[in-house]
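Dear colleague,

I am handing over the structure we spoke about, and I would be glad if you could look through it alongside the notes below.

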Amino acid sequence: MSTLRALVVAAALIGGAASAAETPHLGRPATPAEIQAVDISVPPDGSTLPKGSGTVAQGAVVFAQQCQVCHNAAGAGGPNDRLTGGVGSLTTDKPIKTVASFWPYATTVFDYVRRAMPWPAPQSLSNDDVYAVVAYLLSVDGIVPANARLDAKTLPLVKMPNREGFQSWADRYRPKTASR
Amino acid sequence: MSGSGLGDTEEQVAGGGLLHRRMLLRGGVLAGGLGAAFAARAADPIGAGSPDGMKVPGAAFSGYGTPAHWREGIKRTIGALPDRPGTGASRTPLERLEGSITPAGLHFERHHNGIPDIDPAAHTLIVHGLVKQSLVFSLDALMRYPMQSRIHFVECAGNSGGMIAPAAAQNTAGGLHGLLSCSEWTGIPVSSLLDETGIDPKATWLLAEGADAAGMSRSVPLWKCMDDAMIALYQNGEPIRPEQGFPMRLLVPGFQGNMNVKWLRRLKLTAGPTYTKDETSKYTELMRDGKARQFQFGMGVKSVITKPSFGMTMSGQGLYEISGVAWSGAGRVARVEVSADGGNSWAEAALNGPVLPKAVTRFRAPWRWAGGPSLLLSRATEETGDVQPVRADWLAQYAPGQNYHYNAINAWQVEAGGSIKHVYA
C-alpha cells in the first residue's frame with residue numbers, strides 16, 4: 001500500500017466513512033431466474049405483477065374460505081384488521097383507516113396478500129386467487145365494479161379513494177452531509 | 001460527607017428537593033456503612049461468621065452464563081394474540097435495568113408472524129434492481145467483509161402508543177415505553193455492498209425484505225443506506241439472536257424499528273418507494289387535516305425516568321438518585337432536565353457518557369425526597385434543538401386515534417406514602 005493510499009484509508013477510518021474501505025468482492029452474479037424467484041414486491045407501476053387474473057365473483061369464494069375467519073364478512077373487521085369501509089372518515093373525529101379508506105395503491109394489497117396471507121399458510125394461494133381476492137375486496141366499497149377482472153394490466157390502473165391523501169415527509173431526516 | 005442529612009454541601013437547584021448534579025461526582029450518593037467487621041473468637045472455626053459461600057466450593061462453570069437466579073423475574077413482558085403466539089410484541093423491562101445497553105435476551109421483540117428458524121448455510125442476501133451488477137452474498141462471504149461496531153437504539157414506532165388512552169394506564173416504565181432497546185451492533189455498511197454492485201443513477205430508494213412468514217418489507221431512502229445503514233451480524237458481541245433477525249438484519253439507526261428488517265434476504269434498488277403494506281397502512285401518520293405524513297421515519301427525542309417509577313415504593317424520605325434513559329433518532333441527546341414539582345422548576349440531569357448519536361444515554365439526578373407528594377418528569381433536548389413535547393401538544397398534531405411516534409414527557413406521581421402512580425401531566 002502506498003503511503004498516500006495508507007493515509008487516505010487511515011483518514012477514512014478516523015472519519016468513519018464506511019464506503020472508503022476496501023472490500024473483498026465476494027458476491028457472485030445473480031441469475032435472472034434467481035432474481036425472478038425472489039422479486040415478489042409490487043410497486044405502484046405494477047411492473048413485477050405476475051401472469052394470471054381473477055374476478056370479483058371468484059374472489060368472494062376465496063375470501064369466504066380463506067380470509068373471513070379473521071377479517072369478518074366482507075372484510076368488516078374482527079378479530080383482526082378491518083379491510084373495508086371508512087371511506088370519507090379520515091377528516092372526522094373517528095377516522096377509520098382501512099384498505100379502502102386509506103391505502104394509496106391497489107398494488108400494495110396484491111403484494112401483501114401474496115406474501116403474507118392467509119396468516120396460517122402464507123404464500124399458499126395461486127396468483128389467480130390473489131387477483132380475485134383483491135378484486136373482491138375493492139368491490140365491497142365500489143372501487144372496482146362488481147364484474148371486474150384484475151390482472152397485471154388492470155390492477156395498477158385502479159384509483160384508490162385516498163390516492164391524494166398524503167404529504168411527502170421522506171426527506172425530513174436527510175442530513176445535509178448525505179452523499180446521495 | 002454524610003448521606004444522612006441536609007448538609008450545607010447540598011445545593012438545591014429546583015423545587016421538590018432536586019439537587020445539583022455535581023453531587024454525583026462527589027460520591028455523595030454512595031451509601032456508607034461498608035466493611036462491617038466481625039471478630040472471630042479463637043476457639044471457633046475461622047469461618048463461623050462467614051457467609052456460606054465462603055465455606056463451601058461454589059458452582060461449576062457454564063457454557064453460556066445466565067442471570068442470577070435471585071433475579072429471574074427480570075423478563076420481557078409479552079403481548080401476543082392467544083391463537084397467534086408469534087404475532088405481537090415483547091417489551092424490555094426498562095425499570096429493572098441500568099446503564100445504556102440492553103442485554104440481548106431482553107431486547108424488545110416485534111414479530112408479524114413468528115420467528116423463522118433460518119439455516120445460515122442456506123441463507124443468502126441478494127442485491128438487485130437498479131444496480132450495475134446483481135450480486136448474491138452467502139453468510140460466509142459476508143463474514144470476510146470489513147465490519148464496524150456501533151451503539152444504537154432500536155425503537156418501535158408504536159412504542160408508548162398506549163399513552164393516547166384517555167386515562168393513564170397503571171403500568172411500568174417498560175410496560176409503557178419498553179419497545180425500546182439499545183445494543184452494540186456489528187456488521188457491514190450497506191454502502192460497502194452497494195459499492196460492489198454499482199448503483200444505477202435512477203435508483204433513489206431501496207426495498208429491504210425479510211425471510212419470515214410475514215415477508216416483512218420496507219422501503220428505505222437510498223441516502224440512508226449510503227449514510228449509516230448496516231447489515232448487522234452481531235449484537236452485543238454475539239451472533240445476532242433469532243428473535244433479532246439471525247443470521248442478519250438491516251440496521252437503519254434512528255429510524256422506526258419496523259424498518260430494521262430482520263432475517264434480511266433481499267435488497268432491491270428502486271426508483272421510488274414500493275409502498276409496502278406496513279409503510280402504507282401503518283407508518284403514514286394521519287394528521288388533523290386528514291392528510292397523512294409519508295413518511296415519518298426518524299424517532300423523535302424522548303426520555304423516561306426508570307427509577308423511581310411505577311411499581312416501586314419509596315423506602316423512606318432522604319436521598320435518592322433519579323435515573324432514566326434518553327434518546328433521539330436525529331443524533332445526540334444534548335440535555336435532560338428533571339422536575340420534581342410537576343414542571344414548575346427543572347434541574348439539569350447529569351448525562352452518563354459517552355453520549356453517542358442515535359443511542360440511549362443514561363441520565364441521573366440527585367434528589368432528596370421530603371416524604372410528600374412529588375410529580376416527577378423528565379424532558380430531553382437533542383443536539384438539533386428539538387425538545388420533548390408535553391402530551392397535549394403531541395396529541396394536537398395528530399388525528400384522533402393515531403399513536404405512532406409518541407414521544408411526549410412522561411410523569412410519575414410519587415404519593416405521600418411512597419407509592420408511585422403513572423399520571424398525565
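What follows is a short account of the contacts between the chains and of the nonpolar cores.

Please keep in mind that this is a predicted model.

To begin with the interface, 48 residues of chain A are in contact with 53 residues of chain B. On the side of chain A that touches chain B, at least two residues each are supplied by strand 1 (28-29), helix 2 (32-38), helix 6 (106-116) and strand 4 (166-168) of chain A, and the largest share, five residues, comes from helix 6 of chain A. Sorted by character, the residues on this side of chain A comprise 26 nonpolar, eleven polar and eleven charged ones.

Strand 1 of chain A also takes part in pairing across the chains, since it runs antiparallel to strand 7 (residues 135-138) of chain B, with two bridges between them; within strand 7 of chain B, B:Val136 is the residue that stands opposite A:Arg28.

Turning to the interior, the largest nonpolar core holds 101 residues, and those with the most contacts inside it are B:Leu206, B:Ile231, B:Val338 and B:Leu376. Domain 1 (124-286) and domain 2 (302-423) of chain B each contribute at least three residues to this core. If neighbours within four places in sequence are left aside, B:Ile231 is in contact with B:Leu142, B:Gly187, B:Ile188, B:Val190, B:Met248, B:Leu250 and B:Leu264. A second core, separate from that one, has 41 residues, among them A:Val42, A:Leu90, A:Val113 and A:Val140.

With best wishes

Key:
Residues numbered from 1 in each chain as written. Chains lettered and ligands numbered in written order. Predicted model: local features only at pLDDT ≥ 70, side-chain atom pairs only at ≥ 80, totals over all residues. Contact = placed C-beta atoms within 7 Å. Helix = DSSP H or I, 4+ residues; strand = E, 2+ residues; numbered from the N terminus. Nonpolar A, V, L, I, M, F, W, Y, C, P; charged D, E, K, R; others polar. Pairing = 2+ DSSP bridges. Core = buried A, V, L, I, M, F, W, Y, C linked by C-beta atoms within 7 Å. Buried ≥ 20, exposed ≤ 12 C-beta atoms within 10 Å, placed from the backbone. Domains from an automatic or database assignment.
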